[in-house]
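Biologist: I have a structure open and would like to learn how to read its strands, its ligand site and a helix. Could you take me through them?

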Amino acid sequence: MKHKSISQMDLVREAFHYQSRFDGSTMVFKIDFPVTEDPLFPYLMKDLALLAKTGFRVVIVPGAKEWIDSVLGEYGIKSRYAGSTRITSAEAIPFAAMAAFHTAARFMTGLSADAVDAVIGNLVRARGLGVVEGIDMEHTGKVDKILTDSIRRILNLGMVPILPCIGYSPSGKPYNVPSDEIALEASVALGAVKLFIVSVHQGLRGGDYKIPENIELDGQGRIVRLTPQEAEAVLELNSRNGEPDKPLTELCLALKASRSGVERVHLIDGREEGAVLRELFSNLGAGTMVYADEYEAIRSLKTADIPDILRLMEPLMQQGLLVRRNAEDIQEKKADYVVFEVDGSIHACAALHNRGEGQGEIAAVATDPAYTDMGLGRRMVRFLIDRATKQDFRRVFVLTTRTHDWFESLGFKECSVESLPLSRRKNYDQSRNSKIFALDLR
Ligand SMILES: CC(C)(COP(=O)(O)OP(=O)(O)OC[C@H]1O[C@@H](n2cnc3c(N)ncnc32)[C@H](O)[C@@H]1OP(=O)(O)O)[C@@H](O)C(=O)NCCC(=O)NCCS
């Protein structure tokens, strides 16, 4: 598959679109410790600072697991485990807290470099896990309450709250709480529109996992987006004995967040420059998104969409792939057109015209070049076939010069000009010499 590239102008358009859509919204970033050690970490911090400065409400949850392990190791403190959970003992908790706050400070330093104020706070109330199946979990805790009032006060001052993986009981006892859990609970409690899970792997690649058939991959084999149902199916298909790998653990967290009402959860690679901005400001993104809202849809054309679809069709008309149409032609047949909308932007269109004698013509099928090979064209044609069936057409046909193979792959068969309804036969442009492909609906 070819690599997709979006023109700079399109990128700017998309960026403005998303900026206005998410301005003032809360976004939680759960960032793994190894990301902080990457040479590109300062760039990630620059991007987060930029978001905070431009009106987004950024909350950071630093993961510190690897650094806590390393500090405990350095001070010769042996950890016991209950399954995969490290038991933070009374001896270990001061060191765990030191490592957690040290990690949080790296984020504060990064933001300071871009003149964004940050607050590392005791913003998570925790309680101990207690004795689980006979094992005393000591200072290993869970989230009792996210202190949303305090976090909102910090956000209202234009500052970035940083939530280390240490929570405190009402009596001030510290607990080590998994940062995944803090990120999940904070996203839900704050009504975040997005949770970013930032780590150091290449994300979910279709080739690495068993995936359901209908899931679309981008040119590099990345799973671009999943509904919660699809995420669940991926997790089920890949559930083996033993621990799931890191991307699947993150997908599990994303699914939990999505099921708890976080509209969009993004899995991204923190080592990729600009990944957060691309994921945020372009439809194609840079990672994998689990989304629970109406992210994409095929819908009828509105008058306001006409400039967008003309922009989409213009290069294809110039190449002779599509018959030339202007705004008036489209307006006149507006009800025949459908568009494929991805997050409020139009990326494909198609039309079904009634040509009489029980026949419908599928025409003006066009996909934005940056969004081809993702199933948009196929889904639109299937949508129109469905519409034609509901309108009781007996056949749909298409006139095409260079796309007959594609229609053939959708079940269309070549036929003669004589098979066309009379109205269309009369207008058949001999000079264009289009091939005719049709699909019987009965
Ligand atoms: C043809 C077109 C609508 C396909 O859009 P799309 O959104 O990329 O379609 P899909 O993602 O559903 O299908 C892509 C698949 O079809 C294949 N394909 C694309 N154009 C093709 C063509 N002209 N002939 C044969 N196969 C083609 C792709 O290689 C891809 O194959 P894959 O799934 O094995 O990777 C788009 O390429 C386009 O806008 N073309 C120019 C306009 C045009 O010719 N319209 C038809 C005249 S009405």
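**Reading strands, a ligand shell and a helix**

Modeller: Strand β13 (residues 194–199) and β15 pair in the parallel sense over six bridges; strands here are DSSP runs of E, at least two residues, and helices are runs of H or I, at least four residues, numbered from the N terminus. Two strands pair if DSSP finds at least two bridges between them. This is a predicted model, where local features need pLDDT of at least 70 and side-chain atom pairs count only at pLDDT 80 or more, while totals for chains, interfaces and linings use all residues. Residues are numbered from 1 along each chain as its sequence is written, and side-chain values use heavy atoms, with hydrogens and water left out.

Biologist: Which residue stands opposite Val265 in β15?

Modeller: That is Leu195. On β16 (residues 288–291), four bridges join the strand to β15, and these two run antiparallel. There, Tyr291 is the bridge partner of Arg264.

Biologist: How many residues of β15 are buried?

Modeller: Buried means under 20% relative accessible area, exposed over 50%, and partly exposed in between, with a 1.4 Å probe and protein chains only. In β15 (residues 264–269), six of six residues are buried. One side carries Arg264, His266 and Ile268, the other Val265, Leu267 and Asp269, and both faces are covered.

Biologist: Which residues come nearest to the ligand?

Modeller: A residue counts as near if one of its heavy atoms lies within 4 Å. Of the 17 residues around the ligand, Val365, Asp373, Gly375, Gly377 and Thr403 come nearest.

Biologist: What polar contact does Gly377 make with the ligand?

Modeller: For the ligand, look for a pair of N or O atoms within 3.5 Å. A backbone N or O atom of Gly377 is 2.8 Å from a ligand oxygen atom, and a side-chain N or O atom of Thr367 is 2.9 Å from an oxygen atom of the ligand. The elements that give two or more residues to the shell are β20 (359–367), α13 (376–390) and α14 (404–409).

Biologist: And helices: which residues of α3 are buried?

Modeller: An α-helix has 3.6 residues a turn, so residues three or four places apart point the same way. In α3 (residues 41–53), the buried residues include Phe41, Leu44, Leu48 and Leu51. Just after α3, Gly55 takes a positive phi of about 105°.

Conventions. Polar contact = N/O pair within 3.5 Å; in protein donor to acceptor, adjacent residues only side chain to side chain. Expected span 1.5 Å × (residues − 1).
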